Amino acid sequence: MDSPFDPSGKVMRNKNTLKHKRYSVEAILMLLPVLILYCAVVVYPLLSMFYLSFFSWNGVSSVAKEFVGLDNYTKFSNDRNTLTAFKNIGILAMVGIFATLPVSFFLATVINRKFRGLRIAKTMYFLPVVINRMAICLMFTFLLLPGAGPVPMILQKLGLVKNLNLLGNIKSAMWTIAFINMWGNAGFQMIIFSSSMAGISNDFYEAATIDGASSWQKLLYVTLPALKPTICTVIIFILTGTFKVFDFIMGLTGGGPGYATEVPNTLLYKQAFTYGRFGYANAIAVVMVVFSLLITIIVNALFKERDTAIFRRRTR
């Protein structure tokens with residue numbers, strides 16, 4: 001408590017308050033350029049996209065925009081290709097969760113061990129991530145070329161399949177693209193898992209070894225619980241990444257055969273740059289952003305609820 005005859009305490013508090021205010025102003029000034037840049041490249045385009053989604057516009061600045069309200073969203077929901085596009089998103093998500101996730105986790109466990117040729121293995125596993133996507137499309141187009149590609153020819157000589165056309169068949173085209181997408185992205189998730197595994201203390205594994213735990217038990221009771229936040233992050237990357245798949249589809253099938261491999265991204269591209277319906281394309285983009293946000297929120301909530309339930313069970 002400050003003495004009434006010695007106001008030095010109040011003076012010190014005033015000085016500290018002024019000092020904190022000065023530091024706050026300096027922090028704001030230092031963050032201002034980044035904030036302006038963020039608003040220019042993220043916030044403004046999002047707001048502009050949302051605004052234009054309520055108009056009918058061909059993308060030419062000199063042409064007047066016609067306000068149509070929710071018509072663009074109604075057209076998208078009634079479009080016969082919308083259901084196909086979201087069904088294909090479901091295929092990409094399913095392959096991502098049940099194939100890309102375990103494959104990338106397995107590859108991460110491999111490269112976190114010490115053995116001869118480790119650097120070569122790391123390079124080979126990560127190589128698909130750095131290769132140009134159009135180059136990957138050309139490579140798989142050659143490998144799967146009906147009647148002349150190595151894969152159809154080998155399967156035909158073995159007597160397993162005749163006249164194999166994976167990318168030209170309505171039933172198999174999307175699953176083939178999902179596999180190629182998995183091949184191209186598994187290395188990225190592998191690096192995320194690998195870096196998280198490197199942060200797990202060896203003390204946990206040593207304690208498990210002393211208790212007589214097997215390698216499988218160490219993986220199940222030490223590695224996986226420690227990687228829960230990373231698994232959550234990877235799942236979000238995979239699910240939101242399905243809405244970004246564009247280059248593989250345009251490079252391999254162009255959305256065909258028919259409309260069998262259309263996704264929201266290809267519909268958006270064609271509406272904007274083929275038919276000149278930029279307002280409609282912006283409405284598709286808004287729907288994609290909303291779905292990505294919902295997926296992120298739902299996955300985080302599910303992992304949070306599960307962790308809370310486990311904590312409650314342990315504290316009873």
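1. Asn163 is exposed, with a relative accessible area of 71%. In this predicted model, Asn163 is placed in the loop that connects α6 (150-157) to α7. Its backbone deserves a remark: although Asn163 is not a glycine, its phi is positive, at about 55°. Most residues other than glycine have a negative phi, and most peptide bonds are trans.

2. A second backbone feature concerns the step from Gly256 to Pro257, where the peptide bond is cis and omega is near 0°. Pro257 belongs to the loop between α11 and α12.

3. Glu262 is found in the loop between α11 and α12, the loop that also holds Pro257. Its relative accessible area is 1%, and because buried means under 20%, Glu262 falls into the buried class. Outside the residues up to four places away in sequence, Glu262 touches Thr84, Ala85, Asn88, Gly255, Leu267 and Lys270. The C-alpha atoms of Glu262 and Phe86 are 8.7 Å apart in space, while 176 residues separate the two in sequence.

4. Side chains of opposite charge can pair when their charged atoms come close. A search of the whole structure returns one salt bridge. In that pairing, Glu262 is joined to Lys270, with 2.5 Å between the closest N and O atoms. The acidic partner, Glu262, is buried.

5. Rolling a probe the size of a water molecule over the atoms shows where empty space is left. The largest pocket has a volume of about 500 Å³. Its lining consists of Thr109, Asn112, Arg113, Met197, Ala198, Ile200, Asn202, Tyr205, Ser215, Lys218, Leu219 and Thr223. By class, five of these residues are nonpolar, five are polar and two are charged.

6. Which elements each supply at least two residues of the lining of the largest pocket? They are α7 (173-198), α8 (202-210) and α9 (215-226). The most is given by α9, with four residues.

7. Thr223, one of the lining residues of the largest pocket, is situated in helix α9. Its relative accessibility is 5%, so Thr223 counts as buried. With neighbours within four places in sequence left aside, Thr223 is in contact with Phe105, Met197, Ile200, Tyr205 and Lys218. Met197, Ile200, Tyr205 and Lys218 also appear in the lining of the largest pocket.

8. The largest nonpolar core comprises 60 residues, and Phe193, Leu252 and Val299 are those with the most contacts inside it. Two or more residues of this core come from each of α2 (71-78), α3 (80-111), α5 (133-143), α7, α10 (228-241), α11 (247-252), α12 (264-273) and α13 (278-315). Among the residues named for their contacts in the core, Leu252 touches Cys137, Phe140, Thr141, Leu167, Ile177 and Ile180, residues up to four places away in sequence not being counted.

9. Ser48 is part of helix α1 (residues 8-52). Is Ser48 buried, partly exposed or exposed? Its relative accessibility is 23%, so Ser48 counts as partly exposed. The C-alpha atoms of Ser48 and Asn282 are separated by 9.0 Å, although these residues are 234 residues apart along the chain.

Key
Residues numbered from 1 in each chain as written. Predicted model: local features only at pLDDT ≥ 70, side-chain atom pairs only at ≥ 80, totals over all residues. Heavy atoms only, no water. 1 Å grid on protein atoms, 1.4 Å probe; cavity = no way out; pocket = protein on both sides within 12 Å on 5 of 7 lines; lining within 4 Å. Points joined across faces, edges and corners; volume = space filled by probe spheres on them. Nonpolar A, V, L, I, M, F, W, Y, C, P; charged D, E, K, R; others polar. Salt bridge = Lys/Arg side-chain N within 4 Å of Asp/Glu carboxyl O. Buried < 20%, exposed > 50% of the residue type's maximum accessible area, 1.4 Å probe, protein only. Core = buried A, V, L, I, M, F, W, Y, C linked by side-chain atoms within 4.5 Å. Contact = heavy atoms within 4.5 Å.
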